[in-house]
Amino acid sequence: MNKERPPEPLDFFIWTVEDVGLWLEEINLGSYRQVFKENGVNGEYLEGMSMFTTEQILRFIRRCHMKWGDFITLCKELRRIKVACLKGEQKVRRPWWAPSCLAVVFVKVAKRNRQSRVVSLKLEP
(Lines give C-alpha, C1' and ligand atoms only; values in the text may rest on other atoms or scores of the structure.)
Protein backbone atom coordinates (compact mmCIF):
# COMPACT_ATOMS: atom_id res chain seq x y z
CA MET A 1 0.00 0.00 0.00
CA ASN A 2 1.26 3.47 -0.81
CA LYS A 3 1.55 5.23 2.56
CA GLU A 4 0.78 8.62 0.98
CA ARG A 5 -2.60 7.49 -0.33
CA PRO A 6 -5.61 6.32 1.70
CA PRO A 7 -6.67 2.71 1.12
CA GLU A 8 -9.19 1.90 -1.57
CA PRO A 9 -12.72 1.57 -0.10
CA LEU A 10 -13.34 -1.53 -2.22
CA ASP A 11 -10.65 -3.23 -0.17
CA PHE A 12 -11.97 -2.24 3.25
CA PHE A 13 -12.87 -5.81 4.25
CA ILE A 14 -9.20 -6.71 4.31
CA TRP A 15 -7.56 -3.44 5.32
CA THR A 16 -4.51 -3.84 7.50
CA VAL A 17 -4.15 -2.00 10.79
CA GLU A 18 -2.05 0.57 8.90
CA ASP A 19 -4.77 1.00 6.26
CA VAL A 20 -7.32 1.65 8.99
CA GLY A 21 -4.98 4.29 10.44
CA LEU A 22 -4.72 6.06 7.08
CA TRP A 23 -8.50 5.97 6.73
CA LEU A 24 -8.95 7.41 10.24
CA GLU A 25 -6.72 10.33 9.21
CA GLU A 26 -8.83 10.84 6.09
CA ILE A 27 -12.11 11.03 8.07
CA ASN A 28 -10.61 13.35 10.71
CA LEU A 29 -10.40 10.71 13.43
CA GLY A 30 -6.61 10.45 13.33
CA SER A 31 -6.37 10.94 17.09
CA TYR A 32 -7.56 7.32 17.43
CA ARG A 33 -4.95 5.91 15.06
CA GLN A 34 -2.55 4.69 17.75
CA VAL A 35 -5.19 3.17 20.03
CA PHE A 36 -6.80 1.36 17.06
CA LYS A 37 -3.34 0.03 16.15
CA GLU A 38 -2.73 -1.12 19.73
CA ASN A 39 -6.07 -2.94 19.70
CA GLY A 40 -5.44 -4.56 16.29
CA VAL A 41 -8.43 -2.92 14.57
CA ASN A 42 -8.24 -3.97 10.91
CA GLY A 43 -10.78 -4.11 8.07
CA GLU A 44 -12.19 -7.47 9.10
CA TYR A 45 -12.81 -6.08 12.59
CA LEU A 46 -14.52 -2.97 11.15
CA GLU A 47 -16.74 -5.15 8.99
CA GLY A 48 -17.76 -7.21 12.00
CA MET A 49 -18.75 -4.13 14.00
CA SER A 50 -22.15 -4.12 12.28
CA MET A 51 -22.97 -7.30 14.22
CA PHE A 52 -21.78 -6.03 17.62
CA THR A 53 -24.15 -6.18 20.54
CA THR A 54 -24.67 -3.08 22.66
CA GLU A 55 -22.31 -4.51 25.26
CA GLN A 56 -19.59 -5.09 22.63
CA ILE A 57 -20.02 -1.54 21.29
CA LEU A 58 -19.67 -0.08 24.78
CA ARG A 59 -16.59 -2.22 25.43
CA PHE A 60 -15.04 -1.06 22.14
CA ILE A 61 -15.74 2.61 22.93
CA ARG A 62 -14.22 2.25 26.41
CA ARG A 63 -11.18 0.34 25.13
CA CYS A 64 -10.49 2.95 22.43
CA HIS A 65 -11.40 5.92 24.67
CA MET A 66 -13.78 7.19 21.98
CA LYS A 67 -16.27 10.00 22.31
CA TRP A 68 -19.82 9.10 21.28
CA GLY A 69 -19.81 11.65 18.48
CA ASP A 70 -16.60 10.18 17.08
CA PHE A 71 -18.03 6.67 17.25
CA ILE A 72 -21.10 7.84 15.33
CA THR A 73 -18.81 9.48 12.73
CA LEU A 74 -16.90 6.21 12.42
CA CYS A 75 -20.14 4.27 11.86
CA LYS A 76 -21.44 6.77 9.29
CA GLU A 77 -18.19 6.61 7.32
CA LEU A 78 -18.22 2.81 7.40
CA ARG A 79 -21.78 2.83 6.10
CA ARG A 80 -20.82 5.26 3.33
CA ILE A 81 -18.04 2.93 2.20
CA LYS A 82 -20.27 -0.17 2.31
CA VAL A 83 -23.01 1.55 0.30
CA ALA A 84 -20.49 2.75 -2.30
CA CYS A 85 -19.16 -0.80 -2.64
CA LEU A 86 -22.64 -2.27 -3.04
CA LYS A 87 -23.68 0.37 -5.58
CA GLY A 88 -20.61 -0.40 -7.65
CA GLU A 89 -19.14 3.08 -7.32
CA GLN A 90 -15.65 1.75 -6.63
CA LYS A 91 -13.14 1.13 -9.35
CA VAL A 92 -12.37 -2.53 -10.01
CA ARG A 93 -8.77 -3.31 -10.87
CA ARG A 94 -6.99 -6.41 -12.06
CA PRO A 95 -5.13 -8.15 -9.22
CA TRP A 96 -1.34 -7.90 -9.41
CA TRP A 97 -1.05 -11.69 -9.77
CA ALA A 98 -3.42 -12.02 -12.73
CA PRO A 99 -1.98 -11.84 -16.26
CA SER A 100 -3.04 -8.74 -18.19
CA CYS A 101 -4.87 -10.92 -20.74
CA LEU A 102 -7.39 -11.76 -17.96
CA ALA A 103 -8.03 -8.15 -16.96
CA VAL A 104 -11.27 -7.83 -18.97
CA VAL A 105 -12.59 -11.15 -17.65
CA PHE A 106 -11.77 -10.25 -14.04
CA VAL A 107 -13.42 -6.82 -14.27
CA LYS A 108 -16.61 -8.27 -15.82
CA VAL A 109 -16.88 -10.96 -13.15
CA ALA A 110 -16.09 -8.50 -10.35
CA LYS A 111 -18.75 -6.07 -11.53
CA ARG A 112 -21.31 -8.86 -11.83
CA ASN A 113 -20.51 -10.10 -8.32
CA ARG A 114 -20.05 -6.67 -6.72
CA GLN A 115 -21.96 -7.60 -3.58
CA SER A 116 -19.79 -10.62 -2.90
CA ARG A 117 -16.83 -10.38 -0.55
CA VAL A 118 -14.81 -12.14 -3.24
CA VAL A 119 -14.51 -8.91 -5.25
CA SER A 120 -13.06 -7.14 -2.23
CA LEU A 121 -9.81 -9.08 -2.54
CA LYS A 122 -6.96 -6.67 -2.04
CA LEU A 123 -5.75 -5.51 -5.42
CA GLU A 124 -2.36 -3.97 -5.99
CA PRO A 125 -2.15 -0.81 -8.16
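This report walks through a predicted model of one protein chain, from its overall layout down to a few single residues.

## The big picture

Let's start with the overall layout. The protein chain has 6 helices and 0 strands, so if you trace it along the sequence you get the pattern α-α-α-α-α-α. The chain is made of 125 residues, and 35% of them count as buried. On the outside, the chain exposes about 7800 Å², with carbon and sulfur atoms supplying 55% of that area.

How do parts of the chain that lie apart in sequence meet? Take the contacts between residues at least 6 apart in sequence: 58% of these join residues at least 24 apart.

## A stretch with a label

UniProt, in an unreviewed entry, places the feature "domain: SAM" at residues 15–50. In the model, that stretch is 61% helix and 0% strand. The C-alpha atoms at its two ends are 16 Å apart.

Helix 1 spans residues 17–26 and helix 2 spans residues 33–38. Several residues of helix 1 are buried: Asp19, Val20, Gly21, Leu22, Trp23 and Leu24.

## The nonpolar core

Here's a handy bit of background: in soluble globular proteins, nonpolar side chains tend to be buried together. In this model, the largest nonpolar core has 23 residues. Which residues have the most contacts inside this core? They are Trp23, Leu24, Phe36, Leu46, Phe60, Met66 and Leu74. Helix 1, helix 2, helix 4 and helix 5 are the elements that give two or more residues to the core. Helix 5 provides the largest share, with 4 residues.

Phe36 is a good one to click on. Leaving out residues up to four places away in sequence, Phe36 touches Val20, Leu24, Val41, Phe60, Cys64, Met66 and Leu74. Two of the names on that list, Val20 and Leu24, also turn up among the buried residues of helix 1.

## Rings meeting rings

Now for the aromatic side chains. A pair of aromatic rings is described by the distance of the centres and the angle of the planes. The structure holds 7 aromatic pairs. One of them is Phe36 with Phe60, an edge-to-face pair with 5.5 Å from centre to centre and 75 degrees between the planes. This pair links distant parts of the chain, because Phe36 sits in helix 2 and Phe60 in helix 4, 24 residues apart. Are these two rings' residues buried or exposed? Phe36 is buried, with a relative accessible area of 1%, and Phe60 counts as buried at 0%.

Phe60 has another partner: Phe60 and Phe71 form a tilted pair, 6.2 Å centre to centre, with 55 degrees between the planes. Here too the pair links distant parts of the chain, with Phe60 in helix 4 and Phe71 in helix 5, 11 residues apart. Phe71 is buried as well, with a relative accessible area of 7%. Zooming out, ring pairs link Tyr32, Phe36, Tyr45, Phe52, Phe60, Trp68 and Phe71 into a cluster.

## What about the cysteines?

A disulfide is a covalent bond between the sulfur atoms of two cysteines. How many does this structure hold? The count is 0 disulfides. Cys64 has a relative accessible area of 1%, so Cys64 is buried. Cys75, at 32%, is partly exposed.

## Two residues with a positive phi

Most residues other than glycine have a negative phi, and most peptide bonds are trans. Which residues of the model take a positive phi even though they are not glycine? Asn28 is one of them, with a phi of about 65 degrees. Asn28 comes just after helix 1, in the loop between helix 1 and helix 2. With a relative accessible area of 68%, Asn28 is exposed.

His65 is another non-glycine residue with a positive phi, near 55 degrees. You'll find His65 in the loop between helix 4 (54–63) and helix 5 (68–87). His65 is exposed too, with a relative accessible area of 64%.

Methods. Residues are numbered from 1 along each chain as its sequence is written. This is a predicted model: local features need pLDDT of at least 70, side-chain atom pairs count only at pLDDT 80 or more; totals for chains, interfaces and linings use all residues. Side-chain values use heavy atoms; hydrogens and water are left out. Buried means under 20% relative accessible area, exposed over 50%, partly exposed in between (1.4 Å probe, protein chains only). UniProt positions are given in the numbering used here, feature names are shortened, and annotations may be inferred rather than shown by experiment. A disulfide is a pair of cysteine sulfur atoms within 2.5 Å. Rings of Phe, Tyr and Trp (its six-membered ring) pair if their centres lie within 6.5 Å; planes under 30 degrees apart count as stacked, over 60 as edge-to-face and the rest as tilted. A nonpolar core is a set of buried Ala, Val, Leu, Ile, Met, Phe, Trp, Tyr and Cys residues joined through side-chain atoms within 4.5 Å. Contact means heavy atoms within 4.5 Å. Accessible areas come from the Shrake-Rupley method with a 1.4 Å probe; for residues, only the protein chains shown count as cover.
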